[in-house]
Amino acid sequence: METNQLMHPWFSVLVLVLPLLASVVQLFAGKRLPRGGDWVSTMAIFAGFVLSLFTLMDMISRGGPGFRYEACFNWISFGSVNVTMGILVDSLAAVMLVLVTGIASCVHVFSIYYMHGEKRYPLYFAYLSFFCFSMLGIVVSDNLLMTFMFWELVGFSSYALIGFWFEREAAAEAQKKAFVVNRVGDVGFLIGLMIIFYTVGDFRLGRIFEAVANGTFERSIPIFGLPLLTLAGVGIFLGAMGKSAQFPFHVWLPDAMEGPTTASSLIHAATMVAAGVFLTARIYPMLTPEALIFVTYVGAFTAFMAATIALVQSDIKRVLAYSTISQLGYMMLGLGSGGYTAGLAHLFTHAFFKCLLFLCAGSVIHALHTQDMFRMGGLRKKMPVTFAAMLMGTLAISGVPFFSGFFSKDAILTQVLFRYFEAPQLLRLVPFVLGMGSAVLTAFYMFRLIFLTFFGTPRDEKIYGHAHESPLLATVPLCILAVFTLGFFWSGSVDIPLPSGEVKIPVGIVKQGWLEEMIVEPALLTTISAGHYGDSSPVKDEPMHEKAEHLVEGLSLLSAAFGILLAWLIYVKEAVSATAVRRRFRIAVLFLDNLWYIDRAYEAVIVRGLHRWNAMVLWFDQKVVDGLVNAMGCGGEWMGRGIGCFDRVVIDGAVNFTATASQMIGREFSRLQNGKIQGYVFIGILALCVYVLVGVM
């Protein structure tokens, strides 16, 4: 089946296949290729980037967001049910293809420098290519079953990359933790898939959205009093929570820093954690108002919780890891509040500045061979390019005007505040307060990172002595990514078509221009219930939305300024002693140092609980099950002995007695057979006498 033919529809298939081919080549021939075959993976992903650009431009020229290409084929047929596999290239997929391949290209080039000299160098690029293939498969899948297959391949790829240095115990434990935690979320994904197939009989997104619009789910029998559509949406979102490290599944992502920094940059920017947000956007028409409330509060709490933990981290990569969790919470907060474009726009802007921040951290780590920020300091003179690039990424994530994060983050907070203005209730204000508080904390902990790493005097002269700027192979990707942190690249303004199909007052709109036009999918949004947006009056919502927008702009400026100023006073001017602050708030610091005690709670309740359960099961197996088996065995043994004894004494005794008696009788009778005629006559006479006597009697 095909609709709306693209000029080169096979480009998107090539984008998917090229990294897979590169991975296969690296696995089987990488060691025999020049430079470990790094150029194979790099050229494959860069070719995919070029093809993705052609696909995006082709789509824009043929109608932009309203245009989509879809092709599928029957995979499995049983009875009247047909399970299909296929690709879907719409505006969102086209932008995501460019995003994933573009950022992955930068990571591949940087990896040539960063991973040089590794003993498993070709294997690393094989994993990296397979990781890209898995994520691209999620992007172009036209049905949720195919999405789930690639979803699990992403999980495997992350497992391989996180544990790339598996000889280190911490890396081996981290990869297992990531794998297990994500499998827990995937249980929800599977439940959602089963509900969808039970209700619709198909996994294709188009058929599912049609069923939502036609009320098919409403005619189904609720489970536990909850509508099936809500359960299906929340179930699939649980899978997204696992991949995107949302509370309570966030615990795997900080430990994933045990993998190579370049792999971390790809995981955090455009692949694994982005998959959860992308999936939430893909199933957006399925998310009922109740499900969106769940998404909103999960995102708000995750954003705030992770931001607080980042305040006290000393490992530069862990600061960025908790920063990623917090920013992913922002994206979920935007999507849950009805800000479809706001949440996705933050996904795109975050991908660039977070990849940049991780690669800059990798540049610093490679030069200093330490991740402890309290052993750094004064590096801006020795590493000016890395410093400038990392500063630009920090300004973007902190929401400073003229940088990308300012636009997308403000759009999310504007949407959340607009929701509160629509229905002023205290609970609706909580997500906004958590989101704005997270903005203050983000500016503080990110500039804390900048000031500890690049400002002041060196804290370890030995480390500082051999610090140096990275070569062009590393700094060129940094400069490319830094350009995309600038706000002018993302600026612009358009209205969004609401579910009715009319262009009304922008609700949750990011002033993004070209990006907004591409990620708004009218055909998709027309299936969304108007309840997602509340009151969408084109007139009376305008002043309310403008009020929310202006208020958020002012608060965002204040929050960024306050966070940066506070970090400057503590870590540069030292007007306030960081040690004194930690001592003054030692209980709060202890709480944050212990990561809100969530990991400890998991250890005490789940891990140790499972250990106790396993011990109980082992005891039951050894004492009860094995006891019964052993008892039955002993019983059988004694029964066998008894039967053997009976056989020997009774059965064999009777047989032996009969044989002995027969033998004795035969022996006695044999004496009569002596061959003497007189003896035979005597016996005959004796027998005749006995007969006569018996007859007489």
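Biologist: Why is Arg-207 called partly exposed?
Modeller: The relative accessible area of Arg-207 is 40%. Buried means under 20%, exposed means over 50%, and partly exposed lies in between (1.4 Å probe, protein chains only). The value of Arg-207 therefore falls in the middle class. This is a predicted model, in which local features need pLDDT of at least 70 and side-chain atom pairs count only at pLDDT 80 or more, while totals for chains, interfaces and linings use all residues. Residues are numbered from 1 along each chain as its sequence is written, and side-chain values use heavy atoms, with hydrogens and water left out.

Biologist: What makes the contact between Asp-202 and Arg-207 a salt bridge?
Modeller: The term requires a side-chain nitrogen of Lys or Arg within 4 Å of a carboxyl oxygen of Asp or Glu. In the pair of Asp-202 and Arg-207, the N to O distance is 3.4 Å, so the criterion is met. Side chains of opposite charge can pair when their charged atoms come close.

Biologist: How do you know whether Asp-202 is buried or exposed?
Modeller: Asp-202 has 7% relative accessibility and is therefore classed as buried. Its partner Arg-207, by contrast, is partly exposed.

Biologist: How many salt bridges does the search of the whole structure find, and what places Arg-582 and Asp-593 among them?
Modeller: The search finds 16 salt bridges. Arg-582 and Asp-593 qualify with an N to O distance of 3.1 Å. That pair links distant parts of the chain, eleven residues apart: Arg-582 belongs to helix 23 (residues 578-584) and Asp-593 to helix 24 (residues 586-593). Helices are DSSP runs of H or I with at least four residues, numbered from the N terminus. Arg-582 is partly exposed at 38% relative accessibility, and Asp-593 is also partly exposed, at 36%.

Biologist: Where do Arg-641 and Glu-637 lie, and what makes them a salt bridge?
Modeller: Their side chains meet at 2.8 Å, N to O. Both residues lie in helix 25 (residues 598-672), four residues apart, which is about one turn of the helix. Arg-641 counts as partly exposed because its relative accessible area is 44%, and Glu-637 falls in that class at 40%. There is also a network: salt bridges with shared partners join Lys-177, Asp-255, Arg-318 and Asp-599.

Biologist: Why is Leu-595 called buried?
Modeller: Leu-595 has a relative accessible area of 18%, and is therefore in the buried class. Leu-595 is found in the loop between helix 24 and helix 25. Its phi is near 60°, a positive value in a residue other than glycine. Trp-596 is in the loop between helix 24 and helix 25 as well, and its phi is near 65°, again positive without being glycine.

Biologist: What makes the peptide bond between Phe-247 and Pro-248 notable?
Modeller: The bond is cis, with omega about 5°. Pro-248 is placed in the loop between helix 8 (228-243) and helix 9 (252-255).

Biologist: How do you know whether Met-272 is buried or exposed?
Modeller: Met-272 has 0% relative accessibility, so it counts as buried. This residue is in helix 11. Met-272 and Phe-131 are 141 residues apart in sequence, yet 8.5 Å apart in space, C-alpha to C-alpha.

Biologist: Which residues line the second largest cavity, and how are they divided?
Modeller: The lining consists of Ile-138, Ser-141, Leu-144, Thr-147, Leu-205, Phe-278, Leu-279 and Arg-282. Helix 5 (144-162) and helix 11 (272-282) are the elements giving two or more residues to this lining, and helix 11 gives the most, with three. Five of the lining residues are nonpolar, two are polar and one is charged. The volume of this cavity is about 40 Å³.

Biologist: What makes Leu-686 part of a nonpolar surface patch?
Modeller: Patch residues have over 30% relative accessible area and no salt bridge, with like charges joined within 9 Å and nonpolar side chains (Val, Leu, Ile, Met, Phe, Trp, Tyr) within 5 Å. Leu-686 is partly exposed at 46% relative accessibility, so the accessibility requirement is satisfied. Leu-686 lies in helix 26 (residues 677-696). Other members of the patch include Ile-677, Tyr-680 and Val-694, and the members have about 860 Å² of accessible area together.

Terms used. Areas by Shrake-Rupley, 256 points an atom, 1.4 Å probe, with all protein chains shown as cover. 1 Å grid on protein atoms, 1.4 Å probe; cavity = no way out; pocket = protein on both sides within 12 Å on 5 of 7 lines; lining within 4 Å. Points joined across faces, edges and corners; volume = space filled by probe spheres on them. Nonpolar A, V, L, I, M, F, W, Y, C, P; charged D, E, K, R; others polar.
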